[in-house]
Amino acid sequence: MFIGEYIHSLDSKKRIIMPVKFREELGDKFIITKGLDGCLTVYTTEKWKEVLSKLEQLPNTKKEIRLYIRGLTSKATECECDAQGRIQLPSFLIQEASLEKQCVFVGVSNKVEIWSKEKWESYYAEASDSFDEIAETITDYLQ
């Protein structure tokens with residue numbers, strides 16, 4: 001389970017420290033890909049296989065499904081931490097999430113998200129304002 005929020009800086013060689021608590025759960029190798037809402041998503045290898053398995057069951061005759069699968073898989077890369085706990089992010093993923101110096105790692109239950117600090121603060125402020133309303137609308141799904 002991934003929970004919490006951690007801020008780390010991207011260095012000049014496009015490396016960033018993966019939070020220790022997340023490293024333990026992610027294992028030796030994991031997948032990073034384009035996420036929703038302007039972030040990157042990090043999956044354990046096991047969870048990534050589950051995601052792909054579910055996507056393979058969708059009808060590939062639908063244009064939106066093909067577009068989503070291509071977007072998700074073409075931007076995916078396998079990563080592992082170096083001895084200092086850093087990951088090397090490819091330029092295309094850095095651009096995808098508009099990452100600059102400060103990045104926020106967010107634990108989201110079964111995955112991790114990586115946000116630019118500015119995008120995360122803006123997104124969270126907006127989401128926080130409607131948190132109670134959202135909670136009311138999703139209660140039906142939780143029963």
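Guide: Welcome! Helices (H or I, at least four residues) and strands (E, at least two) are DSSP runs, numbered from the N terminus. This is a predicted model, in which local features need pLDDT of at least 70 and side-chain atom pairs count only at pLDDT 80 or more, while totals for chains, interfaces and linings use all residues. Residues are numbered from 1 along each chain as its sequence is written, and side-chain values use heavy atoms, with hydrogens and water left out.

Visitor: How many residues apart in helix α5 are K117 and E121?

Guide: Their side chains form a salt bridge, 2.8 Å from N to O; the term asks for a side-chain nitrogen of Lys or Arg within 4 Å of a carboxyl oxygen of Asp or Glu. Helix α5 covers residues 117–129, and the pair is separated by about one helical turn because the two positions differ by four residues.

Visitor: Which parts does the salt bridge between E96 and K34 tie together, and how far apart in sequence are they?

Guide: The side chains of E96 and K34 meet at 3.3 Å, N to O. E96 belongs to helix α4 (residues 91–96) and K34 to strand β3 (residues 29–34), so the bridge links α4 and β3 across a sequence separation of 62 residues.

Visitor: Is E96 buried or exposed, or in between?

Guide: Buried means under 20% relative accessible area and exposed over 50%, with partly exposed in between (1.4 Å probe, protein chains only). K34, its partner, has 35%. E96 has 25%, so E96 counts as partly exposed.

Visitor: Which residues have the most contacts inside the largest nonpolar core?

Guide: A nonpolar core is a set of buried Ala, Val, Leu, Ile, Met, Phe, Trp, Tyr and Cys residues joined through side-chain atoms within 4.5 Å. The largest one has 21 residues, and elements including α1 (20–26), β7 (102–108) and β8 (111–116) each supply at least two of them. Leaving aside neighbours within four places in sequence, I114 is in contact (heavy atoms within 4.5 Å) with residues including V42, I87 and F105. The residues with the most contacts inside the core are I32, L99 and I114.

Visitor: How many residues does the other core have?

Guide: It lies apart from the largest core. Among its members are W48, V51, L55 and L72, and the number of residues is six.

Visitor: What is the relative accessible area of I138?

Guide: I138 lies in helix α6 (residues 131–138). Its side chain helps make a nonpolar surface patch with I134, Y141 and L142. I138 is partly exposed, with a relative accessible area of 37%.

Note on methods:
Patch = residues over 30% accessible without salt bridge, like charges linked within 9 Å, V, L, I, M, F, W, Y side chains within 5 Å. Areas by Shrake-Rupley, 256 points an atom, 1.4 Å probe, with all protein chains shown as cover.
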